[in-house]
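Reader: I would like a close look at a single part of this model, namely the surroundings of the bound molecules. Please take me through it carefully and keep the definitions explicit.

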Amino acid sequence: MFRMTRYIKTLMNPTPVRAIPKPSGPVVIWNLIRRCNLTCKHCYSISADIDFKGELSTQEVYTVMDDLKAYGVPVLILSGGEPLMRPDIFDISHRAKEMGFYVGLSTNGTLITEDNIDKIKAVGYDYVGISIDGLEKTHDEFRQKKGAFRESMHAVALCKQAGIKVGLRFTLTQDNYPELPAMLEMLDEHDIDKFYLSHLNYSGRGGRNRKRDAWYDMTRDAMTLLFNHCHNELQRGIEREYVTGNNDADGPFLIEWAKEHYPDQVDALTERLTNWGGNSSGVNISNIDNLGTVHPDTFWWDYNLGNVRETPFSEIWSETKDPLMQGFRQHPRPVKGRCAECKFLNICNGNTRVRAYNISRDFWEEDPGCYLTNEEIGVVESMPRRVAAAAIEIPVNNL
Ligand SMILES: C[S@@+](CC[C@H](N)C(=O)[O-])C[C@H]1O[C@@H](n2cnc3c(N)ncnc32)[C@H](O)[C@@H]1O
Ligand code: SF4
């Protein structure tokens, strides 16, 4: 995750560059349930409104939580499917809060109503992230449910009224790219605390629909817009949080932006971003799926590290022989192609491996989602991309 606001603030008000303390344990994104009332076109968990057998029971979840706490996991992001479809979601959430975790709820928002907002408030979630993937028509098409936008925006309003920190999560594609400016306007209108731009990852239905990914010029425009918007708000004293995910080229791209706007801060920013260190799947980010299987992050559901029913998470995560995890834990990672030659490898850490893998079947191939030019990354202008073309040569209608 790239905390853009934090870095733009340091450009505007420079502070000494400091090392970032090592976290006590990985963030756990926990897909507690795979069932969902929606069937979004990009969904990595291929969720649907059916019962998925064999999910962890409440008691099993509690046993895992105890292990996570003892292992130093600081943050639980409760996700799905749609986590509010789990009948015990509030029991699990209360227990997590009582145990001292930072607890986020990752929801499509359509099930947040007047009937349960008091229960949601009572948990004391540190953050509720609601997915909004465009304006009404686009969002409803993306999420394949008419009325979803209105329901989710109603949820945003209910959370705000209840005093809950709420963010919009927006997955960028060709279809919603033109609506990004309007989305950013909405943040002000609804006094939203946080905006998370998620780049498309090629897993599950997101992999089948990768032809709809926003390609390089669009992504560059979207990121420039976001940098400018965040900067402009900070200049006006508005401290909204902007973060991005699934494309660690966003860090180096901010350096490109800073060259134009804060040239004397470029070296300090480069040092800060080097300390950040880019992609941290398999290191500071982890995932437990609905069946208790552990993965290097949420997008690696085809790659299993073990199951918490058989082995505690702490043991699975400490295991050192898995080849993918060994690569993840090298810094910089053993990447190939443009990524290997890139002068920013130390900052972005080879970006998003699942995109490279799902196109090339090689964990360490270059990431086809990197939108930086050869000139920017410091490789010869004629160096071809090895996997980008293959990324879009697939049918789009096999949902
Ligand atoms: C799987 S959903 C689960 C929580 C909830 N059902 C929701 O939609 O917000 C978690 C987040 O991942 C995002 N997401 C799903 N598939 C993705 C993909 N292929 N690439 C990037 N983000 C994705 C969703 O938009 C959502 O913000
Ligand atoms: S992205 Fe979320 S709301 Fe959409 S189908 Fe997947 S789990 Fe459900």
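**The two ligand shells**

Author: The shell around ligand 2 comprises four nonpolar, six polar and two charged residues, where Ala, Val, Leu, Ile, Met, Phe, Trp, Tyr, Cys and Pro count as nonpolar, Asp, Glu, Lys and Arg as charged, and the others, Gly among them, as polar. Its members are C36, L38, T39, C40, C43, S45, S47, G80, G81, E82, N108 and R143, a residue being near a molecule if its C-beta atom, placed from the backbone, lies within 6 Å of it. This is a predicted model, in which local features need pLDDT of at least 70 and side-chain atom pairs count only at pLDDT 80 or more, while totals for chains, interfaces and linings use all residues. Residues are numbered from 1 along each chain as its sequence is written, and chains are lettered from A and ligands numbered from 1 in the order in which they are written.

Around ligand 1 there are 20 residues, the closest being Y44, N108, S131, N201 and G206, and by class this shell holds four nonpolar, 14 polar and two charged residues. N108 thus appears in the surroundings of ligand 1 and also in those of ligand 2. At least two residues of the shell around ligand 1 come from each of β2 (75-80), β3 (102-107) and β5 (166-172), strands here being DSSP runs (E, at least two residues) and helices likewise (H or I, at least four), numbered from the N terminus. In the chain as a whole there are 18 helices and ten strands.
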